[in-house]
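Here are a few exercises to help you find your way around a new fold. Grab a pencil, keep the viewer open and try each task before reading its solution.

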Amino acid sequence: MKFTKLKHTILQKKFQKTLQKSLENKVISQKKIQSVGILTTDEIQSKTAVLSILENTLGVRNAKIYSFRKFNKLNEFSYKHFSENDIGWKGEFIQENFQSFLEQPFDLLIGYFHQPNLYLESAVLQSKASFKVGFSNVNSNLYEIEISEDVAKTNEFATELKKYLQIIKKL
């Protein structure tokens with residue numbers, strides 16, 4: 001248990017340091033959106049059809065989704081999930097599939113989670129996506145656009161996102 005807290009503290013420090021560097025070097029892409037990545041929790045993904053709703057509303061295909069779930073020895077290995085055990089002691093993700101997801105240069109990354117979660121926030125921060133969108137009550141330094149909506153209202157979130165992306169001519 002103490003190792004988990006130590007690992008969490010190390011990740012928190014690395015997150016703050018990396019966030020500060022990214023704020024200093026932030027560049028917003030003007031590229032049109034063609035590829036989309038989504039980071040969410042397993043709980044949200046099981047309750048709503050986030051992937052299909054966002055694909056249909058934004059008019060994109062082959063969006064990729066990864067979700068965070070608490071580590072449990074009974075869970076089967078999945079290429080669509082990551083847990084706190086997939087982060088090394090240096091605050092870097094060690095699961096190869098998830099690391100390749102983060103290194104993929106998405107035109108849009110959607111942080112579809114409404115409560116602060118260090119693991120999801122670290123993933124958003126480490127992502128190579130050129131434009132990031134998320135919920136307003138998570139961490140305002142992570143996203144270029146923040147949407148204030150209930151996480152259960154996926155259709156409303158997608159409609160609002162589409163409206164903003166059209167205004168800034170990314171769709």
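Buried means under 20% relative accessible area, exposed means over 50%, and partly exposed is anything in between. Keep in mind that you're looking at a predicted model.

**Exercise 1.** Work out which label, buried or partly exposed, fits Lys-31 and which fits Asp-107, then say what their pairing does.

*Solution.*
- Start with Lys-31: its relative accessibility is 47%, so it counts as partly exposed.
- Now Asp-107: at just 4%, this residue is buried.
- The two form a salt bridge, with their closest N and O atoms 3.2 Å apart.
- Lys-31 sits in the loop between helix 1 and strand 1, and Asp-107 in the loop between helix 4 and strand 4, so the pair ties together parts 76 residues apart in sequence.

**Exercise 2.** Find the salt-bridge partner of Glu-92 and say where both residues lie.

*Solution.*
- The partner is Lys-14, with 3.9 Å from N to O.
- Glu-92 belongs to the loop between strand 3 and helix 4, while Lys-14 is in helix 1 (residues 2-24), so this bridge links parts 78 residues apart in sequence.
- With 41% relative accessible area, Glu-92 is partly exposed, and Lys-14, at 26%, counts as partly exposed too.

**Exercise 3.** Glu-43 and Lys-47 also meet in a salt bridge; work out how they are placed in their helix.

*Solution.*
- Their N to O distance is 3.5 Å.
- Both are in helix 2 (residues 42-47), four residues apart, which means about one helical turn separates them.
- Glu-43 is exposed at 54%, and Lys-47 is exposed at 64%.

**Exercise 4.** Trace the sheet and explain why strand 3 and strand 6 have a free side.

*Solution.*
- Write down the order of this open six-stranded sheet: 3-2-1-4-5-6, with parallel pairing.
- Strand 3 and strand 6 (145-147) are at the edges with a single partner strand each, so one side of each has no neighbour in the sheet.
- Next, look at strand 1 (residues 36-41) and strand 2 (residues 64-68), which pair over five bridges.
- Thr-41 has Phe-68 in strand 2 as its bridge partner.
- Strand 2 also pairs with strand 3, over two bridges, and there Ser-67 partners His-81.
- Finally, check the cover on strand 2: four of its five residues are buried.
- Helix 4 lies across strand 1, strand 2, strand 3 and strand 4, at about 125° to strand 2.

Definitions and conventions: Residues numbered from 1 in each chain as written. Predicted model: local features only at pLDDT ≥ 70, side-chain atom pairs only at ≥ 80, totals over all residues. Heavy atoms only, no water. Pairing = 2+ DSSP bridges. Contact = heavy atoms within 4.5 Å. Axes fitted to C-alpha atoms, helices over the stretch in contact; angles between N-to-C directions. Buried < 20%, exposed > 50% of the residue type's maximum accessible area, 1.4 Å probe, protein only. Salt bridge = Lys/Arg side-chain N within 4 Å of Asp/Glu carboxyl O.
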